[in-house]
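Trainee: I would like to take a close look at a single part of this protein, and then to see how that part sits among the others. Could you walk me through it slowly?

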Amino acid sequence: MPDTDLVGLRKQAVNLVADCFSESSFAPLPEEDIPECGTLQFDPNVAAWKGKIDCEGEWQEVIIALKSTFPDTIPRVYLINPPKLIPHITENRHNHICAINESEVFINYEKPVRIVLDTLQAASRVISSGLKDRNIEEFDTEFQAYWRQGANQRWLSLLSPGGNPRQVWVLHFKPEIGNVSCLAAESKEVGKKWIEQSGRQLEGVPRNALYLPLSQPIRPPFPETNSEVNRALRSLDGNEPLYLYQFLESNNKKDTHVICSFAVKEYHTFCGWIHTRPKSSGKRPLCQGFRDHKIPGKVQLTSCFGSRKIIRATVDRVDADRLQARVGNNQASFLSVKRVLVAGCGSVGSKVALNLALSGVTSLTLVDNELLSTENVARHICPMGMVGTKKVDCVAQIIEKHMPHVEIERHHQDLYEIIAKEPGILAQHDLVISATGNRNLNLRLNEVHTTTSNDFSVLYAWTEVFGYASHAILIVPGNGGCLHCMLGRDYDFKHRVIMLSGSDVLMQEAGCGSTFLPYGAIDADMAACIASRLALSHLLGEVTRSSRWVYLGDLDTAKAQNMPISAQYQDGGSNRLIKYSLHSSLDCNVCHQ
């Protein structure tokens, strides 16, 4: 590999830009005048020039600054003395223009001057659009960036956007989550549970807050005082904010928390603030003519406390709908009403449960009677520090800390026991997933499920030796075959890929009962992914009949190791998913009895 002096190449690029600007009206800035030269922890500016650019006939003075990583990154541009507030200008960063990105500037590090000229052209377009009010609506799409500039606090929110103005709750917790220690929730109970499941502790007493769904976005300049809040809210629809008046009058607290939201395109964005009250001396009323606890809300905002500054807060949504929307899942509300039981919290089952929670399923039941052991950790979602804990409990803790809104029911018992003593538990779910890898248990579950009247479906998931294949089999009652339909005369699964019996693939350490099936963490991941995808496809109504999915792993390696591969997969290739519909077999003594 040839030696590359990246530092030297970057210095050379800066010098080329300097030579170009030496023949223009742009003047170099001394180091002390370079914006964000020593204030940014990552990639500070190392060189800058000041000059004017043509913004559709209006010449605006700007600074263009090269980062320490130039020409591998785009320069920064700052607008000097903007004539008015325009979108994409960050005031508390020397009026940095934040909308210039790689979609507008092609980065060819071999042509640093071209990068600079393209960046100035992009800056001209942003400034021109702002000065001529062509992009005024982009204040809304960039709302959080502007609101954050004057915010002193940051909150989390579980609130469902929209609906009517209503009383909600704010709860403080410790330790912080990403420098945040305040949560807004619809009820105290919901907030407390979320805090507990995220591994935090409630701090202080939950307090009332007001949620205001707004019909229109708030735009800069943002309110800074009580009276400015009153004017801003009135300007949205011409009406007085009566709910805020009433809440302020009834609250009588020193601090009043307000959370509001509005729609921007198909999403809702949130913000918040705190109205503060001066401390009562007990001798003189806070507002002449009113008792301290009887001051009308409108009077508080417009006169006696009108000039009092509010405390602005950014509000980050952590509700399930928003988290799923961020990953492109628009079916979260549909999945949130589904109940799924996962039996077997081992390497595959634990990952299936976590995948479903991450994908929008909010009601899970976990079934397993085993403890997490040291040999489980290498391919399990739970760490070494949880060894000795019931698998159900440690898996539930991992999921709850990751997605605190998920409801998890725990059963520290064998699936056999539930089938024998409490079969009604299964019927309470839309889908039962068996990731036990226990053939006899799976066949018993299939017999009970198929021969009795049930509305729920069952999915069986397992992996073969060394992860050479993974199977996910969905049984939909009354719509296709069952698990017994896929048994051969030897009672083995006739669609297996590696044609070895259980005694041939199991390994054993020096100890009684220490047999195990060898496969790695990635193999468990693949098996869980296949099972999770089929489960979600069924829950969303995309797969409605019994189906069999098989993932073929590295069969080339299997062939090289002389593994006996089933004839039906000899030409199937490696690393691919095959989907089959599962038809009922006339020879099946379960679904055709």
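Where is the place of Pro-223?

Mentor: Before I answer, please keep in mind that the model is predicted. The place of Pro-223 is in the loop between β10 and α6, where β10 covers residues 201-213 and α6 covers residues 226-237. Pro-223 counts as buried, because its relative accessibility is 7% and the cut-off for buried is under 20%. Leaving aside its neighbours within four places in sequence, Pro-223 is in contact with Ile-218, Glu-228, Val-229, Ala-232, Ile-310 and Arg-312. If you look for a reference point elsewhere along the chain, take Trp-273, which is 50 residues away from Pro-223 in sequence, with 10.0 Å between the two C-alpha atoms.

The loop that holds Pro-223 also holds Pro-221, and the peptide bond leading from Pro-220 into Pro-221 is cis, with an omega near 0°. A cis peptide bond also joins Phe-70 and Pro-71, where omega is about 15°. Pro-71 is found in the loop that runs between β3, residues 58-67, and β4, residues 76-79.

From β4 the chain can be followed to His-88, which lies in the loop between β4 and β5, the latter being residues 89-90. Although His-88 is not a glycine, its phi is positive, at about 75°, and with a relative accessibility of 7% this histidine counts as buried. One of the residues that touch His-88 is Asn-135, whose place is in the loop between α2, residues 112-131, and α3, residues 138-141. Asn-135 is buried as well, since its relative accessible area is 5%, and, not counting residues up to four places away in sequence, it touches Pro-87, Val-126, Ser-129 and Gly-130 in addition to His-88.

A useful contrast is Asn-179, in the loop between β8, residues 166-177, and β9, residues 180-185. Asn-179 also has a positive phi without being a glycine, in this case about 70°, but Asn-179 is exposed, with a relative accessible area of 67%, whereas His-88 is buried.

Further along, helix α5, which spans residues 188-197, contains Gly-191. Gly-191 counts as buried at 0% relative accessibility, and, with residues up to four places away in sequence left out, it touches Leu-171, Leu-183 and Ala-185. The C-alpha atom of Gly-191 is 9.9 Å from that of Pro-404, although 213 residues separate the two along the chain.

Helix packing is our next topic. Two packed helices are described by the angle between their axes and the distance between the axes. Helix α7, residues 242-251, and helix α8, residues 297-304, have axes that come within 6 Å and cross at roughly 95°, and that makes α7 roughly perpendicular to α8. On the α7 side the contact is made by Leu-244, Tyr-245, Leu-248 and Glu-249, which meet Gly-297, Lys-298, Gln-300 and Leu-301 of α8. By class, the residues of this contact divide into 4 nonpolar, 2 polar and 2 charged.

Another buried position is Asn-446, with a relative accessible area of 0%, and its place is in helix α15, residues 439-451. A polar atom of the Asn-446 side chain lies 3.0 Å from the backbone nitrogen of Leu-483. When neighbours within four places in sequence are left aside, the contacts of Asn-446 are Tyr-460, Ile-475, Cys-482, Leu-483, His-484 and Val-590.

Finally, here is the setting in which these sites belong. The protein has 18 helices and 23 strands, and of its 593 residues, 49% count as buried. Among contacts with a separation of 6 or more, 65% join residues 24 or more positions apart. The C-alpha atoms fill a box of roughly 85 × 75 × 45 Å along the principal axes, and the radius of gyration is 31 Å, where a compact globule of 593 residues would have one near 25 Å.

Note on methods:
Residues numbered from 1 in each chain as written. Predicted model: local features only at pLDDT ≥ 70, side-chain atom pairs only at ≥ 80, totals over all residues. Heavy atoms only, no water. Axes fitted to C-alpha atoms, helices over the stretch in contact; angles between N-to-C directions. Helix = DSSP H or I, 4+ residues; strand = E, 2+ residues; numbered from the N terminus. Parallel < 35°, antiparallel > 145°, perpendicular 65-115°, else oblique. Contact = heavy atoms within 4.5 Å. Nonpolar A, V, L, I, M, F, W, Y, C, P; charged D, E, K, R; others polar. Buried < 20%, exposed > 50% of the residue type's maximum accessible area, 1.4 Å probe, protein only. Polar contact = N/O pair within 3.5 Å; in protein donor to acceptor, adjacent residues only side chain to side chain. Rg over C-alpha atoms; globule rule 2.2 N^0.38 Å.
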